[in-house]
Amino acid sequence: MEDKMEWSALIEQLSLQSVMVEADDLPGLGEILRLLEEVENQDGVKGHPSLGPLIRGLRRLVERIILNEVSDSQGAIGLLRRGVKWMQSRLLFSERSNGEEEEEFWKSWRSLTGEEAPVEGQGDTSPDKKTAPAPVTLDQDLDLYKDFISESLEHLGTIELNLINLEQSPDNKEYINSIFRPFHTIKGVSGFLNLQEIQKFSHAMESLLDEARNGRLQITQAIIDFILESVDLLKQMILDLRGHIESGQIGTSSFDLDPYLQRIEAFKKGRPICEESKDSGSVEKDVSIPIDEEKTPRLGEILTAKGTVSPEDITEALKAQESQEEPLKLGEILIREKKASPKEVLDALREQKRVVSQFRETSVKVDTDKLDNLVDLIGELVIAQSLVEQNPVFSSLRDQKLLRDFSQLKRITNDLQKISMSLRTVPIRQTFQKMVRLVRDLAKKSKKEVELVMSGEETEIDRNMVESLYDPLVHMIRNAIDHGIESPEERRAKGKPETGTIFLRAYQKGGNVVIEIEDDGQGLNREKILKKARERGIVSDEPLAEHQIDHLIFEPGFSTADQITDISGRGVGMDVVKKSIEQLRGKVEIFSQEGKGTRFIMRVPLTLAIMDGIIVRVGEERYIIPTVFVKETLKPRREEVYSVHQRGELVKVRESLLPLVRLYQILGVATAKQNPWETLLIVAENEGVQKCLMVDDLVGKQEVVIKNLGEKLKDLKGVAGATIMGDGRAGLILDIHGLFQIDQGPSPRNGGGGVALRS
């Protein structure tokens, strides 16, 4: 199942990348090649041998686009998207192949590439495979070679700058990725241009960094030094290529790569080969750097003391740093201005680190598993403190000093819990910023003018939830652009600005994080939604309220699109949103006004470890209802309770009649209070539907530490988890969505089929 999820995610990523790519976007095309290779290597995909020729054909088509060897670049991009959709429908939706469409695809492919279509079982011809070396011809596509040279030198400069950051944070995956990507790009494009030595060496470096990305190789000082040496070698190879082009010669010089390749293999096996520095003539100066016990020595001071740069150079670099809108680090400026080499800056940083290690550390790296264990233990501490506080023996004590000491302990415990929870939270800014590129590219594809307005990026959320929110946001933004925002012509005709606006907001409310996605488009077409739902048999011909019609868009496979586009229309998306939010114990609300726009509101808990809940008593048992689902509480009068034929029991709440849910029957609990007017009712709302939950009493409101129910009970409908109450007993946390599903039929009291759920 995990393997299927992995290649399904790869295909979704490939689909989105193919929508956004253009014929002149070399990095984007290179990313598509990488994704196609990963998809082809998945075990689950290997079970579809008929897709092998399609994937190889798409890879060859992308290579031809990059080399500008297709007769119609835009047509080739369109064919690429058709092929990805074909692969997506076969793998994700198990749709059968249409013979006519398949023949039309390969006919277009042959016309664009001038080659015969690959067949099943045919060998791979990608650049990474060993083939007979072909002569390098530099008298064709010279502009392509020149672009490669300028971009590669820029990539190598980026690697040198990022090595400074990696030196200071060797375990930071983002820094490793920022060095891996330039090598990957150089490898891909050099392979297309038949620059075999450059491609071979950059591929070897890419594989070394891939080991670090996957956690199989620890970045050390020796590896960073070797990367610098490799950058110098690649520079020599690329400058040699430029020299041949400028002189009009055919071919490139040969370089001895074996020593470097041997060192790469040694690093990967954990046995680095120690070699003397090439610059054996230079002698490292034994410089005694004055250490101020009160402060950390600065990078400029170390470089000046070593004689690498002059004090004037440092002063000029600092002035340049202040004048920039986004200040670079001092070392980056010195490297860019060629006042110091990357190796000299890295050596100075290492010297600085050795000195800093003599002083007190202000920050440490902590494994996330240890952090989660700490938070769980503090939750247990809070529960233990509550147990002591509610112990009858403790309550009977009258020692004032003991009570004051315990009160102080309680304050410290609460502060400790708040601090530990803050360690798990991160700003949602990074997830929001990913939407900027998505909106721009999708708007361009759909030929619409769209502006994204964001607010609340500093809102913090549990780090375990950040990735889970990404997919729902992508699907909702995609739908807002494709279904919500009108074309500039339509907006102009309606008296609206030609540029549509999507608002993305985040803020905290109570113990929840609220994320809003709002557009000023045409709103939901409820008539069309209802018609489609009835055609598919999702609903009957009975009239539905507006909120019920709105929530039909969350049905799996539901779509109102008249035709499938590159952006949406496949019926995949909003059901993913609903499922993802429910897994986070949250909910989604829809507010739409025809002609004016739609607003989606996602409410998720601030953290997955602690939840705000209302403790209720049913019989002798106590349960917790998440406050995010609670609208109000009330005590009904006898005349406000009705029994309606085929609809069960209803309670009049102001001007509305709401279904009554007798929790004691669903939960299988004995209670003496069986008349609704003798009990309390909690009005709970889920997906726009409100019901009255009948409970014996309200115990109070409390933050509870959530515990899962284990493997055997994890799929128990109506229960989201459990917690330890103050008296040491377990209390079940009710799942409102599951309870509403159990209570679909008439009330059990009126002959309905209640489902017993015993705690």
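## Terms and model

Contact here means heavy atoms within 4.5 Å. The model is predicted.

## The sheet from β2 to β6

One open sheet holds five strands, in the order β2-β4-β5-β7-β6, with mixed pairing. Its edge strands are β2 (449-455) and β6 (587-593), and each of these pairs on one side only. Neighbouring strands are turned by 15° against each other on average, direction ignored.

Inside this sheet, β5 (residues 512-519) pairs with β7 (residues 597-605). The sense is antiparallel, and the pairing spans eight bridges. I517 has F600 in β7 as its bridge partner.

Helix α19 (residues 429-445) lies across β2, β4 (499-509) and β5. Against β2, helix α19 runs at about 170°.

## The sheet from β16 to β17

Another open sheet of five strands has the order β16-β8-β9-β18-β17. Its pairing is mixed. At the edges stand β16 (697-705) and β17 (719-724). Each has a single partner strand, so one side of each is left without a neighbour in the sheet. From one strand to the next, the twist averages 35°.

Here β9 (residues 621-626) and β18 (residues 730-734) pair in the parallel sense, over two bridges. Y623 stands opposite L732 in β18.

## A nonpolar surface patch

L374, I419 and L423 form a nonpolar patch on the surface. Together they have about 270 Å² of accessible area.

L374 sits in helix α16 (residues 368-389). How exposed is L374? Its relative accessibility is 39%, so L374 counts as partly exposed. That class lies between buried, under 20%, and exposed, over 50%.

Technical notes: Residues are numbered from 1 along each chain as its sequence is written. This is a predicted model: local features need pLDDT of at least 70, side-chain atom pairs count only at pLDDT 80 or more; totals for chains, interfaces and linings use all residues. Side-chain values use heavy atoms; hydrogens and water are left out. Two strands pair if DSSP finds at least two bridges between them. Helices (H or I, at least four residues) and strands (E, at least two) are DSSP runs, numbered from the N terminus. Axes are lines fitted to C-alpha atoms, for helices over the stretch in contact, and angles run from 0 to 180 degrees between N-to-C directions. Patches are made of residues with over 30% relative accessible area and no salt bridge: like charges are joined within 9 Å, nonpolar side chains (Val, Leu, Ile, Met, Phe, Trp, Tyr) within 5 Å. Accessible areas come from the Shrake-Rupley method with a 1.4 Å probe; for residues, only the protein chains shown count as cover. A salt bridge is a side-chain nitrogen of Lys or Arg within 4 Å of a carboxyl oxygen of Asp or Glu. Buried means under 20% relative accessible area, exposed over 50%, partly exposed in between (1.4 Å probe, protein chains only).
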